[in-house]
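Student: I would like to work through this structure with you. Where should we begin?

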Amino acid sequence: MTIVSQNEHKRLAGEKAIDFVEDGMIVGVGTGSTVAYFIDALARIKDRIAGAVSSSEQSTERLRRHGIEVMDLNATGSLSLYVDGADECDPHKRLIKGGGAALTREKIIAEASRKFVCIIDPIKQVPVLGKFPLPVEVVPMARSLVAREILAMTGGQPVWRDGVTTDNGNWILDVHNLSIVDPVGLERELNQIPGVVSVGLFARRPADVVIIGGEPPQVL
Ligand code: 5RP
């Protein structure tokens, strides 16, 4: 598959997600290249929505550039809809996310939303999560402690995403060589390690709807 056709799949998925936007909504908005297509499509109907809650500085910047008001989740309360991409998606709509280092805010908005629509290109579909290195956001001083504990706990190889600081001022470990047969259990276990801010496994709160970009897009 060429880069061009993967981008086209992302565009088709992002644009299809507009079907879930209703008049007057405050829309939760994720992060990444697929979401960028969703934001661009949302801009075309911006007069029909009340605003957006954003999961990253990157998405905030794009939303504002289009003239869409970005609101504070503390002020909006729970949301009807959250639209976001993913790095991997299994048949139960459980996800690996955080390739763009925005996992913590993404997880907060997913939890606050009644419907989570995940937009992906077809290569993100996997039978078992774990081929994509699992992102874990950590408090900087706990980086090596968390890495040692993850290695002992899972056998996976944590690699520091050197040079990347999250919007929350933290660091990312990407855990390689995992085959995640129990995503809910692993998410719970990793969340117990002191210094872990959040884990890029969206299993306890999976997506409700998955849109796979294509001609036509598939809605699962
Ligand atoms: C950012 C994410 C993204 O949703 C994920 O990385 C997918 O990105 P893209 O749409 O660019 O392939 O989790 O933290």
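Tutor: Begin with a salt bridge that joins Glu 57 and Arg 105 through their side chains. Keep in mind that this is a predicted model.

Student: What is the N to O distance in the salt bridge of Glu 57 and Arg 105?

Tutor: A salt bridge needs a side-chain nitrogen of Lys or Arg within 4 Å of a carboxyl oxygen of Asp or Glu. Glu 57 and Arg 105 meet that cut-off, with an N to O distance of 3.3 Å.

Student: How many residues apart in sequence are the parts that Glu 57 and Arg 105 tie together?

Tutor: Glu 57 lies in helix 3, residues 57-65. Arg 105 lies in helix 5, residues 103-111. The pair therefore ties together parts whose separation in sequence is 48 residues.

Student: Is Glu 57 buried or exposed, or partly exposed?

Tutor: Buried means under 20% relative accessible area, and exposed means over 50%. Glu 57 has 46%, so Glu 57 is partly exposed. Its partner Arg 105 has 24%, so Arg 105 is also partly exposed.

Student: Helix 3 also holds Thr 60. Which backbone oxygen does the Thr 60 side chain reach?

Tutor: Thr 60 is buried, with a relative accessible area of 10%. Its side chain makes a contact at 2.8 Å. The backbone oxygen at that distance belongs to Ser 56.

Student: Where in the chain is Arg 204, the salt-bridge partner of Glu 111?

Tutor: The closest N and O atoms of Glu 111 and Arg 204 are 2.8 Å apart. Glu 111 sits in helix 5, and the two residues are 93 apart. Glu 111 is partly exposed at 44%, and Arg 204 is exposed at 56%. Arg 204 is in the loop between strand 11 (201-202) and strand 12 (209-212).

Student: Which parts of the chain does the salt bridge of Glu 15 and Arg 44 tie together?

Tutor: The closest N and O atoms of Glu 15 and Arg 44 are 3.2 Å apart. Glu 15 lies in helix 1 (residues 3-16) and Arg 44 in a loop, so the bridge spans parts 29 residues apart in sequence. Those parts are helix 1 and the loop between helix 2 (33-43) and strand 2 (51-54).

Student: Which residues are linked with Glu 15 and Arg 44 in a network of salt bridges?

Tutor: Glu 15 is partly exposed at 28%, whereas Arg 44 is exposed at 59%. The structure holds 16 salt bridges. The network adds two residues to this pair: Glu 8 and Arg 11.

Student: Now the ligand. How much of its area does the protein bury?

Tutor: Oxygen atoms of the ligand lie 2.9 Å from a side-chain N or O atom of Lys 10, 3.1 Å from a polar backbone atom of Thr 31 and 3.3 Å from one of Gly 85. Taken alone, the ligand exposes 380 Å². The buried share of that is 91%.

Student: How many charged residues does the shell around the ligand have?

Tutor: There are 17 residues around the ligand, and those that come nearest are Ser 33, Thr 34, Asp 87, Gly 98 and Lys 124. By class, the shell has 3 nonpolar and 8 polar residues. The charged count is 6.

Student: Which residues make the nonpolar surface patch of about 290 Å²?

Tutor: One member is in strand 10 (residues 196-199), namely Val 197. At 31% relative accessibility, Val 197 is partly exposed. Patch residues need over 30%, and the patch consists of Val 139, Met 141 and Val 197.

Methods
Residues are numbered from 1 along each chain as its sequence is written. This is a predicted model: local features need pLDDT of at least 70, side-chain atom pairs count only at pLDDT 80 or more; totals for chains, interfaces and linings use all residues. Side-chain values use heavy atoms; hydrogens and water are left out. A residue is near a molecule or strand if one of its heavy atoms lies within 4 Å of it. A polar contact is a pair of N or O atoms within 3.5 Å; within protein, one must be able to donate a hydrogen and the other to accept it, and residues adjacent in sequence count only if both atoms are side-chain atoms. Accessible areas come from the Shrake-Rupley method with a 1.4 Å probe; for residues, only the protein chains shown count as cover. Ala, Val, Leu, Ile, Met, Phe, Trp, Tyr, Cys and Pro count as nonpolar, Asp, Glu, Lys and Arg as charged, and the others, Gly among them, as polar. Patches are made of residues with over 30% relative accessible area and no salt bridge: like charges are joined within 9 Å, nonpolar side chains (Val, Leu, Ile, Met, Phe, Trp, Tyr) within 5 Å. Helices (H or I, at least four residues) and strands (E, at least two) are DSSP runs, numbered from the N terminus. Buried means under 20% relative accessible area, exposed over 50%, partly exposed in between (1.4 Å probe, protein chains only).
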